[in-house]
Amino acid sequence: MQHPSPSQGPHSPQPGRPLRLVKLPRSFYLRNTTTVARYLLGKYLVRRLGNQRLIGRIVEVEAYLGSRDPASHAYRGRTRRNDVMFWVGGHLYVYFTYGMHFCANVVTCEKGIAHAVLIRALEPVAGLEIMRRNRGRAAARDLCNGPAKLCQALSIRRAENGTDLCGLSIWIAARAGRAKKLKVSRSTRVGITSGREHRWRFYLPESPFVSPGKPS
DNA sequence: TAGTTGATCGTCT
DNA sequence: GACGATCAACTAA
């Protein structure tokens with residue numbers, strides 16, 4: 001199985017050149033979690049709302065490695081909240097935090113292995129008007145540059161927890177055609193205070209759409 | 001521009 | 001009952 005590699009190039013569709021996207025297969029998610037995290041950069045998160053499509057290019061992610069990662073929700077085993085993390089790769093794990101925010105994760109690996117990749121920031125590509133309405137803000141740069149912001153912009157909430165990314169409501173896609181090499185940076189994750197922190201945050205250093213969290 | 005703080009509630013201990 | 005994979009508004013410099 002050939003997997004698309006990180007792609008670069010024009011982030012938004014050129015006028016007259018429609019953005020052609022190919023949905024990622026299940027096998028994309030069934031690999032090593034940090035590998036999936038890195039390869040998610042440059043891919044497109046597609047959210048279907050009725051006949052509208054909201055699309056954002058993934059520019060920042062963090063890997064969470066289940067039982068071997070104290071920062072992971074699944075570190076202490078399976079609970080009702082983190083159940084989706086134990087599903088087969090290619091599902092969406094949405095959790096509620098700080099009493100008012102939702103964050104979206106891509107579940108990776110085989111069934112029973114609670115690894116996931118948190119999507120931290122997107123570059124808005126399509127459906128910006130709806131995103132603005134959802135966010136109540138105008139600046140494209142502020143629409144999706146944080147894990148809770150992008151959930152708000154794409155209208156991802158509790159109901160989307162457990163969504164199959166190989167289905168028809170939310171999926172991740174690559175640009176059709178040949179992929180170019182991407183410049184990828186890594187750093188420690190944002191907001192992690194417990195234990196020795198790993199450099200499992202991956203981002204595109206040249207993108208102005210990464211979250212304001214400070215890399216180290 | 002950087003730092004601080006309040007909002008707000010599900011989840012787990 | 002404490003805490004949190006956050007955000008936005010506010011203040012100080």
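## Exercises on strands, salt bridges and a DNA contact

In strand 3, Tyr 44 has Arg 57 as its bridge partner. This is a predicted model, in which local features need pLDDT of at least 70 and side-chain atom pairs count only at pLDDT 80 or more, while totals for chains, interfaces and linings use all residues. Residues are numbered from 1 along each chain as its sequence is written, and side-chain values use heavy atoms, with hydrogens and water left out.

**Exercise 1. Determine which strands pair with strand 3, and in which sense.**

Step 1. Helices (H or I, at least four residues) and strands (E, at least two) are DSSP runs, numbered from the N terminus. Two strands pair if DSSP finds at least two bridges between them.

Step 2. Strand 2 (residues 44–49) runs antiparallel to strand 3, and six bridges join them. Their hairpin has two residues between the strands, and Gly 50 there takes a positive phi near 65°.

Step 3. Ten bridges connect strand 3 with strand 6, again in the antiparallel sense. Here Ile 55 is opposite Ala 126 of strand 6.

Step 4. With strand 9 (residues 201–203), strand 3 pairs over three bridges, also antiparallel. Glu 62 stands opposite Arg 201 of strand 9.

Step 5. As for accessibility, twelve of the 14 residues of strand 3 are buried; buried means under 20% relative accessible area, exposed over 50%, and partly exposed in between (1.4 Å probe, protein chains only).

**Exercise 2. Describe the salt bridges of Glu 60 and Asp 164.**

Step 1. A salt bridge is a side-chain nitrogen of Lys or Arg within 4 Å of a carboxyl oxygen of Asp or Glu. The structure holds ten of them.

Step 2. Glu 60 meets Arg 120 in a salt bridge, at 2.9 Å from N to O. The pair links distant parts of the chain, with Glu 60 in strand 3 (residues 52–65) and Arg 120 in strand 6 (residues 115–126), 60 residues apart. Both residues are buried. A network of salt bridges links Glu 60, Glu 62, Arg 120 and Arg 201.

Step 3. Asp 164 forms a salt bridge with Arg 26, their closest N and O atoms being 3.0 Å apart. These two residues lie 138 residues apart, Asp 164 in the loop between helix 4 (147–153) and strand 7 (170–175) and Arg 26 in helix 1 (residues 26–29). Asp 164 is partly exposed at 27% relative accessibility, and Arg 26 is partly exposed at 26%.

**Exercise 3. Explain why Cys 144 and Cys 166 form no disulfide.**

Step 1. A disulfide is a pair of cysteine sulfur atoms within 2.5 Å. The count by this rule is zero.

Step 2. For Cys 144, the closest cysteine sulfur is in Cys 151, and a bond is ruled out because the distance of 9.5 Å is too far. Cys 144 is buried, at 0% relative accessibility.

Step 3. For Cys 166, the closest cysteine sulfur is in Cys 109, and at 15 Å this is likewise too far for a bond. Cys 166 is partly exposed, with a relative accessible area of 29%.

**Exercise 4. Identify the residues that surround DNA strand B.**

Step 1. A residue is near a strand if one of its heavy atoms lies within 4 Å of it. The residues surrounding DNA strand B are Arg 76, Thr 79, Arg 81, Phe 96, Tyr 98, Gly 99, Met 100 and Arg 158.

Step 2. Of the DNA strand B atoms within 4 Å of the protein, 67% belong to sugar or phosphate and the rest to bases.

Step 3. An N or O atom in the side chain of Thr 79 is 2.3 Å from a phosphate oxygen of DNA strand B. A polar backbone atom of Tyr 98 is 2.8 Å from a base oxygen of DNA strand B.

Terms used:
Chains are lettered from A and ligands numbered from 1 in the order in which they are written. A polar contact is a pair of N or O atoms within 3.5 Å; within protein, one must be able to donate a hydrogen and the other to accept it, and residues adjacent in sequence count only if both atoms are side-chain atoms.
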